[in-house]
Protein chains: 2
Amino acid sequence: MYQKWIKVLSTCALFNGINSDNLQGVLHCLKPKVNSYEKNEWVTAAGEKIAGLGIVLSGEVVVAQENAAGNRVIITVDGPGEMFGEMTAFLESVESPATVMARAACTVMFLPAGKVVSCCENSCASHKLMITNMLKIVSEKALVLHRKVEYLAIKSLRAKISTFLLEQHKRTGNTTFMMPLKRNELADFLNVTRPSLSREMGKLMEEGIIEFHMSSVKIKDLDSLRTMAE
Amino acid sequence: MYQKWIKVLSTCALFNGINSDNLQGVLHCLKPKVNSYEKNEWVTAAGEKIAGLGIVLSGEVVVAQENAAGNRVIITVDGPGEMFGEMTAFLESVESPATVMARAACTVMFLPAGKVVSCCENSCASHKLMITNMLKIVSEKALVLHRKVEYLAIKSLRAKISTFLLEQHKRTGNTTFMMPLKRNELADFLNVTRPSLSREMGKLMEEGIIEFHMSSVKIKDLDSLRTMAE
DNA sequence: ATAAAACGGTAACCATAGTTACCAAAAACG
DNA sequence: CGTTTTTGGTAACTATGGTTACCGTTTTAT
């Protein structure tokens with residue numbers, strides 16, 4: 001029944017250490033629902049009760065947060081094998097503050113939260129493993145938010161950009177790389193406006209600290225960048 | 001051996017649903033360490049490996065984050081029965097980005113993370129309950145960080161203050177209340193400077209929207225405040 | 001009780017980034 | 001292909017909030 005997705009699911013952190021056979025059993029026991037969405041369709045709107053734990057099977061979803069002023073702040077982008085809703089799935093009486101939207105046409109599997117925690121007879125060992133995995137996943141998620149807080153707490157735009165570029169440098173191990181976000185998205189992520197971002201990046205180029213064209217960026221003066229990130 | 005602390009510990013969310021007798025057993029099995037700290041003493045410095053899960057037995061600790069520029073951003077204040085380190089306790093090879101400092105003289109219990117997850121024979125039922133509690137706790141923590149992100153994402157100082165005041169109003173159910181943070185701390189929390197905070201609060205008073213003297217605040221125009229928080 | 005330290009308000013000046021609007025380049029679509 | 005849509009750079013003007021410094025008040029320590 002779920003054979004089609006076993007391969008993707010085995011890459012999901014929730015099923016870490018569970019082999020295909022056991023995974024089949026677990027799925028059969030969890031009775032997950034699978035839905036498909038078109039690009040830009042809502043998967044979950046803010047305030048709506050999430051149908052449990054979500055796992056992206058194909059395509060991509062954007063997890064974002066809309067504040068009262070209507071500005072959308074991107075939290076993460078999830079692709080195949082990645083999860084969302086892990087923050088609220090185990091908390092009763094908490095409506096999710098996040099919104100989930102299909103960034104591309106996608107298929108999503110929903111796991112009922114209650115079944116994830118309670119062991120059943122046929123595959124209790126796997127269930128226990130799942131719980132341990134879940135604990136790590138949620139901890140990890142908290143840490144991601146923690147880093148998000150770090151970004152938002154940076155006061156100057158220049159320092160935000162510098163920090164972001166240094167992180168890309170560290171990630172790719174290269175001084176030339178492609179930006180993983182478009183200008184608009186980066187501006188959202190750093191919580192500034194796009195023209196301000198463009199202006200500041202222009203200045204960094206003028207000063208010979210970086211060079212860029214569209215999404216490709218080259219760091220020319222790593223030390224200056226480090227100083228400015230503080 | 002841990003009798004002295006049973007009462008406090010039973011208020012800790014980690015031991016929710018575990019009665020005193022079982023708690024004694026669990027503690028005996030977990031073999032926690034108890035340390036005392038003086039006011040302003042470091043409990044855990046940034047980057048240091050946390051000794052596991054921390055539970056405040058008496059006094060208060062401040063969990064904060066120091067960014068590269070040296071600005072301290074308060075994450076939470078934990079009192080008796082409250083925990084810290086729950087974010088990193090279950091993640092190997094992750095150094096904690098947070099710092100923990102004694103806000104007042106305090107006593108702290110540390111639980112080895114590994115023992116929390118793995119069942120032992122004598123009190124397996126209680127251990128299982130602990131794991132479920134832990135899952136809820138970490139989820140809750142993630143949600144708190146999520147709210148923190150919401151605050152930081154607010155762009156104008158006026159809206160930040162309005163949001164904060166509205167939250168106090170909601171919390172106390174009263175239009176007159178005591179601020180739980182000093183000006184410096186509030187400025188830290190909202191990620192702005194103290195003079196700017198004072199200036200803006202002064203303006204709000206001038207406009208007849210609020211009234212305040214030191215830490216006591218009275219909301220005079222709730223609707224305006226709501227509009228400004230957006 | 002008194003000195004010292006911490007806290008909080010204020011004001012002038014300045015730097016940073018938001019706003020708006022316009023245009024060019026690139027990508028998507030038929 | 002050519003057209004439409006999306007994306008991104010730029011510039012003038014404005015608003016917001018940071019900086020610094022000073023001073024009175026409140027709290028803490030001795």
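These legends go with four close-up views of a predicted model.

**View 1. The largest nonpolar core and B:Leu14.** This core counts 56 residues, and A:Leu14, A:Phe15, B:Leu14 and B:Phe15 have the most contacts inside it. Zoom in on B:Leu14 and, leaving aside residues up to four places away in sequence, you'll find it touching B:Leu53, B:Ile55, B:Met83, B:Leu111, B:Met130, B:Asn133, B:Met134 and B:Ile137. There's also a second, separate core: 42 residues, including A:Phe110 and B:Tyr37.

**View 2. The two sides of helix H2 in chain A.** Within this helix (residues 20-30), A:Leu23, A:Val26, A:Leu27, A:Cys29 and A:Leu30 are buried. They sit on the same side of H2(A) because they cover an arc of only 160° around the axis. Flip to the other side and A:Asp21 and A:His28 are exposed.

**View 3. The ends of H2(A).** At the start, A:Asn19 brings a side-chain oxygen to within 3.2 Å of the backbone nitrogen of A:Asp21. After the helix comes A:Lys31, with a positive phi near 50°.

**View 4. The protein surface around DNA strand D.** Here 18 residues surround the strand, with A:Arg194, A:Ser198, B:Leu157, B:Ser196 and B:Arg199 the closest. By type, they split into six nonpolar, five polar and seven charged. H6 (183-190) and H7 (194-206) of chain A, plus H7 (194-206) of chain B, each chip in at least two residues. Look for three side-chain N or O atoms: one in A:Arg194 is 2.8 Å from a base nitrogen, one in A:Ser198 is 2.8 Å from a phosphate oxygen, and one in B:Arg199 is 2.2 Å from a base oxygen. Of the strand D atoms within 4 Å of the protein, 49% belong to sugar or phosphate, and the rest to bases.

Conventions:
Residues are numbered from 1 along each chain as its sequence is written. Chains are lettered from A and ligands numbered from 1 in the order in which they are written. This is a predicted model: local features need pLDDT of at least 70, side-chain atom pairs count only at pLDDT 80 or more; totals for chains, interfaces and linings use all residues. Side-chain values use heavy atoms; hydrogens and water are left out. A nonpolar core is a set of buried Ala, Val, Leu, Ile, Met, Phe, Trp, Tyr and Cys residues joined through side-chain atoms within 4.5 Å. Buried means under 20% relative accessible area, exposed over 50%, partly exposed in between (1.4 Å probe, protein chains only). Contact means heavy atoms within 4.5 Å. Helices (H or I, at least four residues) and strands (E, at least two) are DSSP runs, numbered from the N terminus. The arc is that of the directions from the helix axis to the C-beta atoms. A polar contact is a pair of N or O atoms within 3.5 Å; within protein, one must be able to donate a hydrogen and the other to accept it, and residues adjacent in sequence count only if both atoms are side-chain atoms. A residue is near a molecule or strand if one of its heavy atoms lies within 4 Å of it. Ala, Val, Leu, Ile, Met, Phe, Trp, Tyr, Cys and Pro count as nonpolar, Asp, Glu, Lys and Arg as charged, and the others, Gly among them, as polar.
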